[in-house]
Every structure is written in C-alpha cells, then in structure tokens.
Amino acid sequence: MKTGFVGIIGSPNVGKSTLMNSIIGEKIAIATDKPQTTRNRIRGIFTDIRDDGGDSAQMVFIDTPGIHRPRNRLGAYMTAAAADTLREVDAVVFVVDRAPREGADDPVVSLLAGVDTPKIAVINKIDTMPPDLFRSVFGQYERLGLFRHVIGVSALEGKNVGKLVDMLKGLLGEGPMFFPADMVTDHPERFIAAEIIREKLLLYLDDEVPHGVAVSIESYEEAPGRARIGAVIYCEKKSHKGIIIGKGGRKLKGVGKSARAEIESLLGAKVYLELWVKVSERWRDSEFHLHSLGYGG
Ligand SMILES: Nc1nc2c(ncn2[C@@H]2O[C@H](COP(=O)(O)OP(=O)(O)OP(=O)(O)O)[C@@H](O)[C@H]2O)c(=O)[nH]1
Ligand SMILES: [Mg+2]
C-alpha cells in the first residue's frame with residue numbers, strides 16, 4: 001500500500017482547501033472567496049483500497065494557510081504553519097492559479113526551492129483559463145525545474161483531480177495505513193463546527209471585518225440525535241460587532257441558520273446553536289488570545 005503525508009501549499013485564495021475537499025470527496029476544510037480563509041493546518045485523509053490490481057493508497061493531506069507577508073502575530077503563525085509543513089511531509093502539492101513571478105522573486109517558489117521533498121505544481125482553476133494562457137503558465141512552471149510533475153486541474157469541477165492522485169501515488173513509498181479506511185479527518189467535530197461558523201461569517205461579511213473574526217466553542221453537549229452548541233464570535237471593534245449582528249440581529253441570524261444546517265448534516269443530529277458576539281481588541285496580536293483560540297505555536 002502506498003502511504004504518506006502530502007502538504008498542500010501556496011498563496012492565499014488559489015484553491016488549496018477546495019482541492020483537498022475535492023480529493024477527499026467531502027468537505028473537511030472551509031473555503032471562501034476571501035484570502036486567508038484557512039488559519040490552521042487541516043488534515044484530510046484519502047483512502048483508496050483497490051481490488052483490481054491497481055495500487056491501494058492512503059494519503060494524509062495537510063491543507064495549510066496561504067503563505068503571505070504577515071501583518072500580525074496571527075499571520076506569522078499561519079505562514080509558519082505552512083512553511084513548517086514543507087519539511088514534515090513526503091510530497092508537496094504546490095497550488096497556483098497564475099504564472100510565477102520572475103524566478104526567485106516569487107517568495108513561495110523560493111521557499112520551495114530550499115526543500116528536497118518531491119513537489120507537484122498544480123495549476124488550479126483551469127476552468128477559467130483560456131488554453132493559450134494555460135500553456136504559457138504550464139511552461140513557466142516546468143522551466144523552473146523544481147517539480148516532478150506539472151498538472152492543470154479544476155478543483156471546483158473535479159477535473160484532473162484523479163490524475164493528480166495517481167501522480168502522488170507514484171511519489172509515495174510502501175507503508176502501513178495510518179487511519180481506518182472510513183476516516184476522512186482526525187479533527188474533532190467541535191473544531192469543524194467552529195470552522196463552519198467562521199466560514200458562514202466570512203461569506204456574510206465584506207471588507208475588513210472577516211480577517212478580524214474568530215470563533216470559540218464555549219459549550220458542546222451531545223445527546224443521541226441532538227447537540228447543543230454555544231459559540232462566541234470574537235471581533236476586534238465595537239463597530240464590527242454591530243456589523244456582524246446586523247439590523248435587528250438579521251445578519252447573525254442568517255449566519256446561525258446556515259451554520260446550523262451544515263453542522264446538522266455533519267453530526268447527523270438536530271443542532272441547537274447559540275451565538276454570541278464579543279469584542280476583543282487586537283486579539284490577532286495577543287499571544288494569549290491566539291493560543292486560547294487554537295492558533296498557538
Ligand atoms: N473557478 C474556480 N474557482 C475555484 C477553483 N478552486 C477554488 N476556487 C475558488 O477560489 C476561492 C478560494 O478557494 P479556497 O479553497 O478557499 O482557497 P485557499 O487556497 O484554500 O485559500 P486560503 O485558505 O485563503 O489560503 C473560492 O471562491 C473557490 O470557490 C477552481 O478550480 N475554479
Ligand atoms: Mg484554504
């Protein structure tokens with residue numbers, strides 16, 4: 001059996017989380033149109049047991065935060081989480097949605113150049129790329145000479161995702177399974193629930209508010225067929241609190257409703273979800289707050 005850890009690395013918003021979900025076939029990581037959606041390393045487990053003579057495989061994917069120039073401690077934590085992953089995995093999937101910046105000028109490309117781990121460059125969003133552009137982008141990554149393979153995919157449409165998995169199988173060695181075949185992640189459900197709430201917030205909010213938002217699960221009680229979850233939404237300013245709650249509480253209600261529906265299908269249970277909004281100024285620069293929100297070192 002081919003087994004190993006695969007890091008998914010790249011700039012913000014290129015489609016790393018969407019790609020991992022597409023490979024696993026289930027939504028593990030939240031994905032939105034806002035850059036810096038992913039803040040932690042998110043693990044998704046892909047298991048393919050073959051009885052047709054093909055290679056069986058289990059790959060543990062590690063979706064990482066988009067690498068960017070950090071402007072606060074949270075950003076530094078996120079970028080370090082991505083960079084550290086490079087050194088801990090058996091293969092790297094480098095996701096891009098455009099041509100590289102001039103050679104070593106591209107900070108992520110130069111980071112990759114310093115690591116021996118076998119890498120695949122994945123040009124995502126080919127559904128939006130005219131063929132000529134794709135060919136040119138493809139050639140530019142090939143010429144960097146850093147990658148075992150270069151492949152174009154559409155994570156959103158699932159195009160070439162199977163081919164990518166086959167390429168990865170070719171880079172991994174034989175080994176024992178790490179997890180049971182039916183397990184898709186080892187994150188606890190309460191973590192995923194907090195992420196789902198954060199995803200709905202990002203989707204409902206524009207502009208500067210989303211980056212300053214965090215979700216903390218304060219209470220989590222499960223009984224057969226139902227769950228009661230209490231979560232606090234932290235934001236950085238009083239004015240942001242007002243925006244999140246919305247006129248007559250409408251925005252928060254909308255967030256709660258769509259988060260609840262998704263958490264219900266995750267847990268297969270009826271969910272009673274209570275949300276509070278609190279202001280915590282500059283939590284993104286506070287070691288203490290980062291740690292308590294799960295963004296600790
Ligand atoms: N058209 C198109 N859009 C895509 C594709 N893959 C992802 N997207 C969109 O790109 C946006 C970003 O996707 P994410 O998966 O959150 O990107 P990410 O790289 O994980 O972003 P961060 O976590 O912020 O670093 C979302 O709006 C996705 O729907 C694709 O293949 N085609
Ligand atoms: Mg992501």
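This passage describes a sheet, its covering helices, a buried loop residue and a ligand shell in a predicted model.

The sheet is considered first. Three strands make up an open sheet, ordered S8-S9-S10. Their pairing is mixed. Strands S8 and S10 (270-279) form the edges, and each of them pairs on one side only. From one strand to the next, the twist averages 15°. Strands of a sheet pair through backbone hydrogen bonds, in either a parallel or an antiparallel sense. Between S8 and strand S9 (residues 226-235) the sense is antiparallel, and the pairing extends over 9 bridges. One residue pair can be named here: valine 215 has isoleucine 233, in S9, as its bridge partner.

Two helices lie across this sheet. Helix H7 (residues 238-245) crosses S9 and S10. Its direction makes an angle of about 155° with S10. Helix H8 (residues 250-267) also lies across S9 and S10. For H8, the angle to S10 is about 140°.

Leucine 205 sits in the loop that links helix H6 (189-204) to strand S8 (214-223). Is this loop residue buried or exposed? A residue with 20 or more other C-beta atoms within 10 Å of its own is classed as buried. Leucine 205 has 21 such neighbours, so it counts as buried. Leaving aside residues up to four places away in sequence, leucine 205 touches Pro210, Ile243 and Ile244. Leucine 205 and threonine 32 are 173 residues apart along the chain. Their C-alpha atoms are separated by 11 Å.

The ligand site was examined next. Ligand 1 is surrounded by 24 residues. The closest are Gly15, Ser17, Ala31, Thr38 and Gly66. Which element gives the largest share of this shell? Helix H1 (residues 16-24) does, with 3 residues. By class, the shell around ligand 1 holds 13 polar, 7 nonpolar and 4 charged residues.

Helix H4 (residues 131-144) allows a check on geometry. H4 has 14 residues, and at 1.5 Å a residue it should therefore span 20 Å. The expected span takes one less than the number of residues. The C-alpha atoms at the ends of H4 are 20 Å apart, in agreement with that value. Directly after H4 comes glycine 145, with a positive phi of about 70°.

Terms used
Residues numbered from 1 in each chain as written. Chains lettered and ligands numbered in written order. Predicted model: local features only at pLDDT ≥ 70, side-chain atom pairs only at ≥ 80, totals over all residues. Helix = DSSP H or I, 4+ residues; strand = E, 2+ residues; numbered from the N terminus. Buried ≥ 20, exposed ≤ 12 C-beta atoms within 10 Å, placed from the backbone. Contact = placed C-beta atoms within 7 Å. Pairing = 2+ DSSP bridges. Axes fitted to C-alpha atoms, helices over the stretch in contact; angles between N-to-C directions. Near = placed C-beta within 6 Å. Nonpolar A, V, L, I, M, F, W, Y, C, P; charged D, E, K, R; others polar.
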